[in-house]
Amino acid sequence: MRLNDEEQDILAGKLGTVPQQALQHQIAVGDFFGAEDFVPVTQAHIMADTESLGEAGVRWLEGLAATTEGRRRVCIPTITDPRGTDFSKASYLGQAPWMLDLERRAIAAFMKLGVTMTDTCINYQTIQAPTRNEHLAFGDTGVVIYSNSICGARSNFEGGPSAVSAGLTGRTPRYGFHLNGQRRATIHFRTEFTPTSLNEWGALGALIGRIAGNYWAVPVIEGIEGAPRSDQLKHFGAAMASFGSIALFHLVGITPEASRLADVASADLPTHRITRADVGALQQSYRKEGKVDVVVFSAPQLSLYELRALADLCDGRNFAVPLLAITSPQVKPDADRMGFTARIEAAGGTVMSGMCFYQSYAREIAEAKGWKRLVTNSAKLVNILGGYGYQPMLESMEACVDAAVSGSLS
Amino acid sequence: MSVKSSVFRARHAMGRSVRGIALVANDGFSARYDLDRIAGLFSRPTHKLTGQSYVGRILVLDTAKGGVATAWMLHEMQSRGMAPLALVFNSVNPILAQGAALGDVPMLAGFDDDITAAIPNGAELEVDPKLGVVTILR
């Protein structure tokens, strides 16, 4: 990679060992992908729940944080993805003390590095929405795909170590979706069905992700009617990223880079047609009638509007099985203030914040609580939890609440 | 084996040279979605390698899937001696590259042929990132 004077100084250790180590990591990744140079970034977002870090990852962070020589604090706004727990609900979830100890250690290390603990995967809704052409180093695939596609910003998937590094150096290797050429569509979809519910938007995103199939694919989609809402596109993008590792899509006439198909696509792209039946079939493939152990709304964290809709469905109900609704630390106080939390919890539900279900030791929670058959309206969550020993099912928010009341799916 | 090429060149490479046994499937890879990292097994029921151990094997797979957690998890798996020996993929995403860099897992990606069809399961391989090649030894 070509380094400017400042980067050569960082690499030579003139700013200390922490930025030096960060730049070395970034160069290894940049060289792998053939990046020619670095691009300055304005924000970094770190995925760093301790289930992913483990003891080794926490020690790595503590090593950076314990450095006293040179600069060790981040030099751009650097925020965090959900943590591995909501400390106030940890005992309810059956989380062990060692998990909470790891979390506390990771948080302490991040604070020493100057990281702002936002603990959210919906920062584009709650902290600061990226702007068009803004170069970013964002983690969490749902955050990246929304920022790239809906906001027209520019980020690769930056895993925890790389996002930490970007926060410390204020830059990232210029490859992938930072480059104009990589943002052109590679695969065309025509949908004959415009979803309304969040689970259907997730299922549509899942189908496109599955077909597109890898990080370097960029789907362009025609056929969406009207103007989708932020929460709908949130579920659509999060599912596409989860099922296909996709980081950027274009909706013709809707997203900023694709006023017309020709803006992002050549005429000879392969085309796939998607119908209402396809979306229904994806959801049906997860459906198993009978007993339900737990209902979960999470992945991505819920917006204030989602909590409002959920509260409306909970009025006058009495849950037979646990119902969890997980939001961000920014939304939770508003949900409390508006009475949404109280209405959900009056029916027997639990509202949590600052975590996300699959990032919170889901396998150990399953064992501690005896939860296996899980119903959710998140296609992303359904995709992830199969590997954690759950039998996840994808249903509408209304059907999820009904299942919490009856304790079964029929 | 002798009629076919046994040396495959990758467009992207990182890490040190290793020799080991291939575990091959035409399927994706995500440390969070697909693995029981404590037991060292593929655990996702629909994965083609479900139930098989990846520890110390050279994983030959199609592409990286899923989320960003793999960037931490390879490092964590390596710290317990429960990581794959190397990764040889048709294509990877930044997360796998970041994870391999932090976790010191040698990796090759980007081949002219489908590498999961070219390398037999159980073959003994040499992965040489400096030269950017994987060689079937036997």
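1. A quick definition to begin with: a residue is called buried if 20 or more other C-beta atoms lie within 10 Å of its own. Keep in mind as you read that this is a predicted model.

2. Now try that on helix 17 of chain A, which runs over residues 397-406. Which residues of this helix are buried? They are Cys400(A), Val401(A), Ala403(A) and Ala404(A). These residues sit on the same side of helix 17 of chain A, because the arc they cover around the axis is only 155 degrees. Try looking down the helix axis on your screen to see it.

3. What covers those buried residues? Several elements of chain A do, including strand 11 (294-302), helix 12 (304-314) and strand 12 (323-327). Strand 14 (373-376) and strand 16 (408-409) of chain A are also among them. Just after helix 17 of chain A comes Gly407(A), and its phi is positive, near 75 degrees.

4. Zooming out, the domain assignment cuts chain A into domain 1 (5-180), domain 2 (184-283) and domain 3 (287-409). Take domain 1 and domain 3 of chain A: their C-alpha centres are 28 Å apart. The two are in contact, with 21 residues of domain 1 of chain A meeting 20 residues of domain 3 of chain A. On the domain 1 side of that contact in chain A, you'll find 7 nonpolar, 8 polar and 6 charged residues.

5. Next, the place where the two chains meet. Here 30 residues of chain A are in contact with 32 residues of chain B. On the chain A side, at least two residues each come from helix 2 (17-32), helix 3 (50-65) and helix 7 (160-169). Which helix of chain A gives the largest share? That's helix 3 of chain A, with 6 residues. As for character, the side of chain A that touches chain B has 13 nonpolar, 16 polar and 1 charged.

6. Finally, chain B by itself. Its secondary structure comes to 4 helices and 11 strands. The radius of gyration of chain B is 13 Å, close to the 14 Å that the globule rule gives for 138 residues, so chain B is as compact as a globular protein of that length. Along its principal axes, the C-alpha trace of chain B spans about 40 × 30 × 25 Å.

7. Two more numbers for chain B. Of its 138 residues, 59% count as buried. And if you take the contacts in chain B between residues at least 6 apart in sequence, 74% of them join residues at least 24 apart.

Methods. Residues numbered from 1 in each chain as written. Chains lettered and ligands numbered in written order. Predicted model: local features only at pLDDT ≥ 70, side-chain atom pairs only at ≥ 80, totals over all residues. Buried ≥ 20, exposed ≤ 12 C-beta atoms within 10 Å, placed from the backbone. Arc of directions from axis to C-beta. Contact = placed C-beta atoms within 7 Å. Domains from an automatic or database assignment. Nonpolar A, V, L, I, M, F, W, Y, C, P; charged D, E, K, R; others polar. Rg over C-alpha atoms; globule rule 2.2 N^0.38 Å.
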